[in-house]
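Visitor: I have a structure open and would like to talk through its charged pairs and its chain contacts. Could we go through it together?

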Amino acid sequence: MITKDYIITSAQGMHARPATQLVKLVKGFKSATSLKKGDKTVKLNSLLNILSLSIKGGETISVIMDGEDEVSAAVIIDDFFTKQLKEL
Amino acid sequence: MKGIGVSPGIAIGRAFVIKKNAPATNGIVLKNQVEIVAEIERFDISVVNALAEIDAIKNNSQLMLNDDDIAILETQVELINDPQIREDVVAKIEEEKKTANDAMIEVTAGIVALFESMDDEYMRARSADFQDIGNRILKYINRTGDTNNRSFEPDTIVIADDLTPSDTITLDLNLVTGFATQAGSRTSHAAIIAKSKGLPAVVACGDELMTINHNDFIILDGLSGSVYVNPGEDIISRYSAKSASFRQQAEVLKMVKDKPAITADGKQVTLLANISNADDLAMVHDNGGEGVGLFRTEMLFMDRDTFPDEDEQFEFYKKAVLKAKGKPIVIRTIDIGGDKHLSYFNLPTELNPFLGYRAIRISLDQEGLFIVQLKAILRASAFGSVSIMFPMISNVKEIREAKFILNKAKNELLEAGVAFNNDVKVGIMVEIPSAAVTADILAKEVDFFSIGTNDLCQYTLAVDRMNEKITHLYDPFNPGVLRLILNVIEQGRAHNIHVGMCGEMASDPLATLLLLGMGLEEFSMSAVSIPAIKNIIINNSEATAKQVCQQVMAMDSSENVIAYLKEITQ
């Protein structure tokens with residue numbers, strides 16, 4: 001299991017557009033992925049769940065990946081939160 | 001009547017009123033396992049059909065969808081496919097023996113209520129998206145067919161209680177010239193789509209909107225949010241003219257928006273915007289601004305009872321820095337005094353407030369307040385490309401003192417282990433004649449200058465900007481003012497520091513070539529002025545600008561300067 005923390009770098013936070021991209025990315029993994037903000041944890045394959053966390057710019061979240069491709073999933077997730085998110 | 005203007009532009013035409021029937025539950029209780037399986041299957045098939053419908057919209061070349069539209073449709077695909085929504089619907093069918101129709105209505109209502117209760121405007125606006133996808137699936141569950149096929153006449157203005165994202169995306173722009181809705185918000189997808197398509201739109205008009213009848217004559221102003229129903233001749237002619245000039249401006253914007261501001265002979269200029277809060281940044285990006293040349297911080301201090309503390313200031317700056325999306329942002333420290341007062345901060349009544357206790361003079365005097373602001377700005381610098389600018393500098397001592405306090409602020413943050421950008425650039429406003437004359441001295445102390453032409457003009461010409469009797473003397477084209485500006489630019493360049501301008505002159509089309517010829521490389525102005533100034537830069541050369549500057553600097557009066565500049569800009 002891999003857990004990584006990220007600060008949300010886009011001003012609007014996890015709004016619909018980046019959240020959609022994230023769900024699409026995650027669907028390519030075999031690992032189970034989830035997203036944690038504060039004491040709430042949700043599965044990452046559901047856009048509804050991600051949006052319901054109402055994640056704002058500057059907030060910190062954790063991503064938890066568990067499964068056979070968790071290492072490569074972590075690399076892709078890392079690229080999403082550190083690079084792509086700023087442009088979405 | 002009035003709503004919120006969410007997509008600028010004027011629409012003039014006839015009303016087409018759309019009223020929707022809310023989906024109703026049927027209250028049927030499923031009797032056995034066979035019915036339960038059938039209802040789940042009915043839901044799953046409806047999902048497949050709803051997805052096919054979105055695919056059809058995506059592939060409809062007649063709709064001329066842009067990237068924003070596609071992104072919204074892709075979000076809808078994910079929501080229709082959402083495993084959590086399916087899980088909730090299936091649970092209601094299996095455990096509560098509800099029909100697919102009732103389960104879907106209840107799940108949708110639950111999600112809509114959840115998002116409507118959120119403390120974030122953007123998230124509240126998402127409830128409309130969930131209602132939209134709920135309705136879309138329900139349409140197939142009940143096989144009510146496609147209600148989107150409406151026949152519009154040319155110059156139609158759609159009047160609706162609410163428009164879903166899919167309603168908006170499928171509007172035929174050859175026929176529909178604008179829309180107004182009873183509900184909605186600035187961040188609803190209908191508003192975002194309207195803006196990206198350049199379709200004038202007003203939302204949140206309230207119940208009064210639905211008193212409009214089919215075929216009523218309507219004018220709507222997508223900037224101010226005004227909606228006129230069967231207006232008189234004077235309003236019609238006023239708005240016809242407004243509409244024409246807006247279209248012309250929009251044309252210019254479209255032509256230049258994504259082009260860099262480079263002259264015909266290859267001189268690159270940076271066009272930035274002046275802002276007062278984070279929300280202004282949307283306009284900056286829309287108008288092709290390359291960043292923020294002046295972020296006034298006064299708004300944060302006004303209309304309240306006490307000074308904002310460091311955390312509150314930090315949040316205010318950070319929000320803007322994040323919204324700048326990595327583009328440069330120059331934050332000016334507080335510029336109160338003069339004509340700007342704070343109810344909770346006792347400023348003495350002065351005979352000459354513009355020559356009095358204001359801006360950096362207050363900051364240096366009240367070090368406790370100043371250091372709080374500097375620490376808040378420094379903390380925000382960790383989130384983007386931030387520079388700090390001091391206003392009203394008249395001598396080198398003030399710069400050194402301000403920098404000394406800035407270093408103190410940095411040390412306090414270092415000791416506390418708080419992140420900030422240690423290399424944050426420091427600059428000054430050049431708006432006092434002594435600063436302009438001694439630009440060579442001051443240039444050694446800072447990373448950049450920003451010329452504030454409004455105060456520079458007032459101080460150089462000894463003209464009170466607020467005194468209506470002498471407004472004719474307030475004249476930035478006075479050769480005295482022009483010489484000061486030229487000196488600042490030349491000295492800045494000689495000392496290899498960056499020189500920009502954030503006063504009104506930067507947005508005056510009459511002054512653009514002159515300033516370019518003087519060697520100014522950065523213009524900062526209100527966002528809406530950027531396209532017009534960029535248009536001038538793109539269509540001229542630096543060589544011409546230099547000639548213009550030479551001519552102007554040899555002239556003896558502002559009348560001659562203005563007459564000449566008018567002649568060449570036509």
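Visitor: How many salt bridges are there across the interface of chain A and chain B?
Guide: This is a predicted model. Four salt bridges are found across the interface of chain A and chain B. One of the salt bridges in the structure joins A:Lys24 to B:Glu74, with 2.8 Å between the closest N and O atoms.

Visitor: Which elements give two or more residues to the side of chain A that touches chain B?
Guide: They are α1 (16–26) and α2 of chain A. The largest share, six residues, comes from α1(A). By class, that side of chain A has eight nonpolar, eleven polar and four charged residues.

Visitor: And how many residues are in contact?
Guide: In chain A, 23 residues are in contact with 27 residues of chain B. The area buried between the two chains is about 2,100 Å², and carbon and sulfur atoms give 62% of that area. On the chain A side, A:Arg17, A:Leu48 and A:Leu51 lose the most area to chain B, together 25% of what that side buries.

Visitor: Let us move away from the interface. How many salt bridges does the structure hold over all chains?
Guide: The total over all chains is 38. Among them is the pair A:Lys37 and A:Glu59, whose closest N and O atoms are 3.2 Å apart. This pair links distant parts of the chain, 22 residues apart: A:Lys37 lies in strand β2 (residues 32–37), and A:Glu59 lies in the loop between α2 (47–52) and β4 (60–66).

Visitor: Are those two buried or exposed?
Guide: Each falls in between: A:Lys37 is partly exposed at 22% relative accessible area, and A:Glu59 is partly exposed at 24%.

Visitor: What about B:Glu367 and B:Lys408?
Guide: Their side chains meet in a salt bridge, 2.7 Å from N to O. It links helix α14 (residues 367–380) with helix α15 (residues 396–416) of chain B, the two residues being 41 apart.

Visitor: B:Lys546 and B:Glu542 are in one helix. How are they separated?
Guide: They are separated by about one helical turn, because they stand four residues apart in helix α22 (residues 542–553) of chain B. Their side chains meet in a salt bridge of 3.8 Å, N to O.

Visitor: Is B:Glu542 buried or exposed?
Guide: B:Glu542 has a relative accessible area of 18%, so it counts as buried, the cut-off being under 20%. B:Lys546 is partly exposed at 46%.

Visitor: Finally, which residues are linked in a network of salt bridges?
Guide: B:Glu298, B:Arg332, B:Asp335, B:Arg358 and B:Asp455 are linked in this way.

Terms used:
Residues are numbered from 1 along each chain as its sequence is written. Chains are lettered from A and ligands numbered from 1 in the order in which they are written. This is a predicted model: local features need pLDDT of at least 70, side-chain atom pairs count only at pLDDT 80 or more; totals for chains, interfaces and linings use all residues. Side-chain values use heavy atoms; hydrogens and water are left out. Buried means under 20% relative accessible area, exposed over 50%, partly exposed in between (1.4 Å probe, protein chains only). Contact means heavy atoms within 4.5 Å. Buried area is the accessible area (1.4 Å probe) that two parts lose on being put together, summed over both. Ala, Val, Leu, Ile, Met, Phe, Trp, Tyr, Cys and Pro count as nonpolar, Asp, Glu, Lys and Arg as charged, and the others, Gly among them, as polar.
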